[in-house]
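I opened the model to look up charges, rings and burial. These are my notes in the order I took them.

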Amino acid sequence: GGNAIHVISSYISARDDTHVTVLSLFPGEADKLRDAIPDEGIRCINDLGDDVYGKPDAVIGKAEDVPQDLDIVVFALPSFTHEMYLKALKPYLKAGVTIGAMPGEGGFDLCAIHNLGSDFCRHSNLFALETLPWACRILEYGKKVEVLGTKKEVEVIVSPKHGTTKDEVVTEVLHKLVGRLPELDPADNF
């Protein structure tokens with residue numbers, strides 16, 4: 001339930017064409033966040049325009065409770081937690097999913113390949129943003145978060161599934177997650 005998950009869950013949940021599930025494997029954190037979110041959702045004070053209100057469809061504490069039809073998995077977590085989440089989610093992910101991290105430096109691709117298998121990763125989209133797309137701070141846990149500044153440009157590393165291109169993944173998927181800004185500048189490696 002950190003700063004980034006407050007922003008991204010609010011942004012994405014505010015879209016009509018999405019279903020958002022937040023998973024926290026830290027003991028008690030899912031219950032704490034779920035109980036704190038008001039009916040209207042998390043208010044995200046947006047530096048680029050109108051405030052956004054979005055409420056995740058579910059906040060869960062066990063990987064086995066994730067929806068079976070996941071299209072996109074985003075780790076808005078510190079790098080040291082990536083392996084724990086990949087291991088927990090492995091039985092519930094289907095090849096073809098888009099999975100990534102923000103921030104994702106520190107070998108997210110290697111961690112994913114090690115934990116999910118190279119064949120799975122070849123048939124899925126992996127991505128990592130060099131940093132979070134915004135500077136943000138929780139103002140009231142579960143209720144209000146402020147984007148202090150949206151970055152103008154963030155490097156993104158994409159390893160697309162067989163038969164797709166990096167540009168397709170960035171434009172069709174990642175901009176839906178973070179909005180029109182920041183510009184996502186494709187980098188060469190994780």
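Entry 1, a strand and a charge patch. I started at strand E11, which spans residues 183-186 and contains Glu 183. The model is predicted. Glu 183 has 45% relative accessibility and therefore counts as partly exposed. I then looked for its charged company on the surface: Glu 183 belongs to a patch of negative charge together with Glu 105, Glu 153, Glu 155 and Asp 188.

Entry 2, aromatic pairs. I searched the whole structure and got 4 aromatic pairs. In one of them, the ring centres of Tyr 11 and Trp 134 are 5.8 Å apart and the planes stand at 85°, so I filed the pair as edge-to-face. This pair links distant parts of the chain, since Tyr 11 sits in helix H1 (residues 3-13) and Trp 134 in strand E8 (residues 134-140), 123 residues apart. Are the two residues buried or exposed? Both Tyr 11 and Trp 134 are buried.

I went on to Phe 26 and Tyr 85, whose ring centres are 6.4 Å apart with planes at 55°, so that pair is tilted. Phe 26 lies in the loop between strand E1 (21-23) and helix H2 (29-36), while Tyr 85 lies in helix H3 (residues 82-89), 59 residues apart. I checked accessibility for each: Phe 26, at 37%, counts as partly exposed, and Tyr 85, at 3%, counts as buried. Both rings belong to a cluster linked by ring pairs, with Phe 75 and Phe 108 as the other members.

Entry 3, cover of helix H1. I went back to the helix that holds Tyr 11. H1 is mostly covered, with 10 of its 11 residues buried. Among the buried ones I noted Ala 4, His 6, Ser 10 and Ile 12.

Entry 4, salt bridges. Side chains of opposite charge can pair when their charged atoms come close. How many salt bridges does a search of the whole structure find? I got 6.

I noted the bridge between Arg 15 and Asp 17, at 3.1 Å from N to O. Arg 15 is partly exposed because its relative accessibility is 29%, whereas Asp 17 is exposed at 52%.

Next I took Asp 51 and Arg 43, whose closest N and O atoms are 2.6 Å apart. Asp 51 is partly exposed at 30%, and Arg 43 is partly exposed at 26%.

Last came Glu 83 and Lys 87, which meet in a salt bridge at 3.8 Å, N to O. The two are 4 residues apart in helix H3, so about one helical turn separates them. Glu 83 has 31% relative accessibility and counts as partly exposed.

Notes: Residues numbered from 1 in each chain as written. Predicted model: local features only at pLDDT ≥ 70, side-chain atom pairs only at ≥ 80, totals over all residues. Heavy atoms only, no water. Patch = residues over 30% accessible without salt bridge, like charges linked within 9 Å, V, L, I, M, F, W, Y side chains within 5 Å. Areas by Shrake-Rupley, 256 points an atom, 1.4 Å probe, with all protein chains shown as cover. Salt bridge = Lys/Arg side-chain N within 4 Å of Asp/Glu carboxyl O. Lys, Arg positive; Asp, Glu negative; His and termini not counted. Charge placed at Lys NZ, Arg CZ, Asp CG, Glu CD. Buried < 20%, exposed > 50% of the residue type's maximum accessible area, 1.4 Å probe, protein only. Phe/Tyr/Trp six-rings, centres within 6.5 Å; stacked < 30°, edge-to-face > 60°.
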